[in-house]
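Please open the model in your viewer and keep the sequence panel beside it. The tour below goes from one selection to the next and says what is found at each stop.

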Amino acid sequence: MTDQTSLDPGELKSLADLLSRAPRVIKLGQSTDAGSSEEVASEAAAGLFDIRKSAEVLFTELLPRLMSLRPEGAEFEDVLDDIAEEYRHINYHITNTRLFNYVVPRE
Amino acid sequence: MSIRSLTQEDPIGLAGGLNLYGFADADPVNFSDPFGLCPPKWLCDLIGASAGESSLEHYAQVATDPSSSRVEKFGATVGGLFAALWTPDTYLQTATTLTGAAGASRVLVGRAAATTAVEGVGAQVSRGALGAMERQLATAGRGSVEETIRTLTRRIAQHEADIATYRAAGGNVSSMEHEIRAWRETIDAARKVLGIQ
């Protein structure tokens, strides 16, 4: 994994504030198990920003590197591991963002 | 004596059925009850416990599954407490098991009653995290799991810095703190499958 740029707190806060005023976020925040609307909004905003960072790493760095390497080499394996870590990160946010967690199938 | 029977009374008592010497609903191949805590099979079916899983194990899995809602986690914690408290005998058995992994205080407040104890590490790791890491080890090898530990350690450091920045800007950081706990659990699972203390 490449060291990612630190988040822009102003941008993140703006998105969280915007989301916190959305009716569905307010409604979710009022349910007993979802926490406050500010929590729901901050979670969704942080998730979006983190997914964006991981996607940038995937498509601007890791995929070009992967395409330039021979599959038998150790470096190719390293890039595959890096790709897996970005997938893990994205999956975490998809699974743990309450605002959108209805997209995750459950038994 | 049938091998499908217990040699002493089922510690769950009458909650396991009228036959106090019955074991795993007389179906030890498809159903097991290692802690003697599972109620009748029909009840385990009702709560969603799968074959080979006691009610306590089931509640532990639900309570530690990141995809579980807060309501599900709360319900599983309460259910886990009831499963641990069926009788004084089983409560002591459960408390002993969990204390070894998590410490008596966590058992007393009931949180560890719904958490899977992993031997050898001293950390609490969910089945989901451990299963994922076992699959990674099998698919990608030891070096890949070691790389995961390094990557997540860097990610945690980055997130801690982000948390400080965002908190200073007045942001709500609870979800970011939750993410750090998830990565720490993943690191613990990775160490577990690698046999690192």
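The stops begin with chain A and then move on to chain B.

Residues are numbered from 1 along each chain as its sequence is written, while chains are lettered from A and ligands numbered from 1 in the order in which they are written. This is a predicted model, in which local features need pLDDT of at least 70 and side-chain atom pairs count only at pLDDT 80 or more, whereas totals for chains, interfaces and linings use all residues.

Colour everything by pLDDT, the predictor's confidence in each residue, from 0 to 100. For the complex, the predictor gives an ipTM of 0.85 and a pTM of 0.59.

**Chain A**

Select chain A, whose mean pLDDT is 90, with 92% of the residues scoring at least 70. Its secondary structure comes to four helices and zero strands (helices are DSSP runs of H or I with at least four residues, strands are runs of E with at least two, and both are numbered from the N terminus). Among these elements, α1(A) has the lowest mean pLDDT, 92, and helix α4 (residues 74–96) of chain A the highest, 96.

Next select residues 37–68 of chain A, which form helix α3 with its 32 residues. From first C-alpha to last this helix reaches 45 Å, close to the 46 Å expected, where the expected span is 1.5 Å times one less than the number of residues. Stop at L62(A), where α3(A) has a kink of about 35 degrees, shortly before the proline P64(A); the bend at a residue is the angle between axes fitted to the seven residues ending there and the seven starting there.

Now show L19(A), V25(A), V40(A), A41(A), A44(A) and A45(A), which touch the most other members of the largest nonpolar core, a set of 14 residues. Such a core consists of buried Ala, Val, Leu, Ile, Met, Phe, Trp, Tyr and Cys residues joined through C-beta atoms within 7 Å; a residue is buried if 20 or more other C-beta atoms lie within 10 Å of its own, exposed if 12 or fewer, and partly exposed in between, with C-beta atoms placed from the backbone. Two or more residues each come from α1 (9–20), α2 (23–30) and α3 of chain A, and the largest share, five residues, is that of α3(A).

Centre on A44(A): leaving aside residues up to four places away in sequence, A44(A) touches L19(A), T97(A) and L99(A), a contact being two C-beta atoms, placed from the backbone, within 7 Å.

**Chain B**

Apart from the core in chain A lies another, of ten residues, including A129(B), L130(B), M133(B) and L152(B). Widen the selection to chain B, which has eight helices and zero strands, and in which 39% of the 197 residues count as buried.

Which residue of helix α7 (residues 142–168) of chain B should be picked next? Choose E146(B), which lies in that helix and counts as partly exposed because it has 15 C-beta neighbours inside 10 Å. E146(B) and A190(B) are 44 residues apart in sequence, yet 7.5 Å apart in space, C-alpha to C-alpha.

Finally, return to the confidence colours: chain B has a mean pLDDT of 67, and 40% of its residues reach 70 or more. Confidence is lowest in helix α5 (residues 104–108) of chain B, at a mean of 39, and highest in helix α6 (residues 127–140) of chain B, at 95. Over residues 13–37 of chain B the pLDDT is below 50, although this stretch has 55 contacts in the model beyond near neighbours in sequence. Where pLDDT is low, the predicted coordinates should not be read in detail.
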